[in-house]
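User: I would like to go through this model with you and ask, for each label, which value and which cut-off stand behind it.

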Amino acid sequence: MGNILYIKIDQNTEVDHIDVRLGDVAKLECTNASVKNRLKTLKLLKIQAEKSNRYVFSILKVVELIHEIYPDLEIQNLGEADFIIDYESPEYARDRWSILKVILLCITIFIGSAFSIMTFNNDVGVNQVFDQIYELVMGKPSDGFTMLEITYSVGIAVGIIVFYNHFGGKRITKDPTPMEVQMRQYEDDVNTTLIEGCNREETNIDVD
């Protein structure tokens, strides 16, 4: 045939329908447009689960399915050797319990952050330090509510906004926050663990 198919698949792709086709998880490029369009509709997997589930897929299985249609097609893989198809059921995603879990998580994070700030302040004795600084500079005891406490409180709020890089739902800068970086690293670790675990247990979808 003389055509070359370039295929790129990310490590993790989320789908919300049970019939997973190659175009759902892969980016394809080929000089022959008919080959490219035909392979986009190639069925990779029919998901049987009713709720969310993950499937580890091998690129060799994808190559095998492609060669069943185009035996002479040359394939260049530019993506992952093993990848994850993450199925998220539409009914499960709209479940009220999921919304409740998100609300409870936000409340827990808010209370935990406030508790951490308060215990830190008490542990290092911020109130006593402020009292001593105020008395040293102003020459009289602090009444507990001075410019030091006000600027310190404002500084904490500004620091949180800068750290999360969001204010009122809007991103301040285009740079990722430390939290986003840690979440990406966590996702990469989870994906790697899932792939290696399935490879060891031989439960991944691969060629025979």
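User: At what angle do the axes of helix 6 and helix 7 cross, and within what distance do they come?

Analyst: This is a predicted model, in which local features need pLDDT of at least 70 and side-chain atom pairs count only at pLDDT 80 or more, while totals for chains, interfaces and linings use all residues. Residues are numbered from 1 along each chain as its sequence is written, and side-chain values use heavy atoms, with hydrogens and water left out. The axes of helix 6 (residues 126–138) and helix 7 (residues 147–164) come within 10 Å and cross at roughly 135°. Axes are lines fitted to C-alpha atoms, for helices over the stretch in contact, and angles run from 0 to 180 degrees between N-to-C directions; helices (H or I, at least four residues) and strands (E, at least two) are DSSP runs, numbered from the N terminus.

User: Why is helix 6 called oblique to helix 7?

Analyst: Angles under 35 degrees count as roughly parallel, over 145 as roughly antiparallel, 65 to 115 as roughly perpendicular and the rest as oblique. The crossing at roughly 135° falls in that remainder, and therefore helix 6 is oblique to helix 7.

User: Which residues make the contact, and what classes do they belong to?

Analyst: Helix 6 contributes V126, F130, I133 and Y134, and helix 7 contributes L148, E149 and Y152, where contact means heavy atoms within 4.5 Å. By class there are six nonpolar, no polar and one charged residues, given that Ala, Val, Leu, Ile, Met, Phe, Trp, Tyr, Cys and Pro count as nonpolar, Asp, Glu, Lys and Arg as charged, and the others, Gly among them, as polar.

User: What makes N191 buried, and E202 exposed?

Analyst: Buried means under 20% relative accessible area, exposed over 50%, and partly exposed in between (1.4 Å probe, protein chains only). N191, which is found in helix 8 (residues 178–201), has 8% relative accessibility and therefore counts as buried; not counting residues up to four places away in sequence, N191 touches Q11, N12 and I84. E202, in the segment after helix 8, has 68% and so counts as exposed, and its phi is near 55°, a positive value in a residue other than glycine.

User: Why is D206 called partly exposed, and which residues does D206 touch?

Analyst: The relative accessible area of D206 is 27%, which lies between the two limits, so D206 is partly exposed. D206 lies in the segment after helix 8 and touches S58, L60 and K61, not counting residues up to four places away in sequence. The C-alpha atoms of D206 and K61 are separated by 5.0 Å, although these residues are 145 apart along the chain.

User: What is the size of the largest nonpolar core, and which helix supplies its largest share?

Analyst: A nonpolar core is a set of buried Ala, Val, Leu, Ile, Met, Phe, Trp, Tyr and Cys residues joined through side-chain atoms within 4.5 Å. The largest such core has 28 residues, and I7, L22, L39, V62, I66 and I85 have the most contacts inside it. Its largest share, four residues, comes from helix 3. Leaving aside neighbours within four places in sequence, V62 is in contact with I7, L22, L44, F57 and F83.

User: How many disulfides are there?

Analyst: With a disulfide taken as a pair of cysteine sulfur atoms within 2.5 Å, the count comes to zero. Among the cysteines, C30 has 6% relative accessibility and therefore counts as buried, and C198, with a relative accessible area of 19%, is buried as well.
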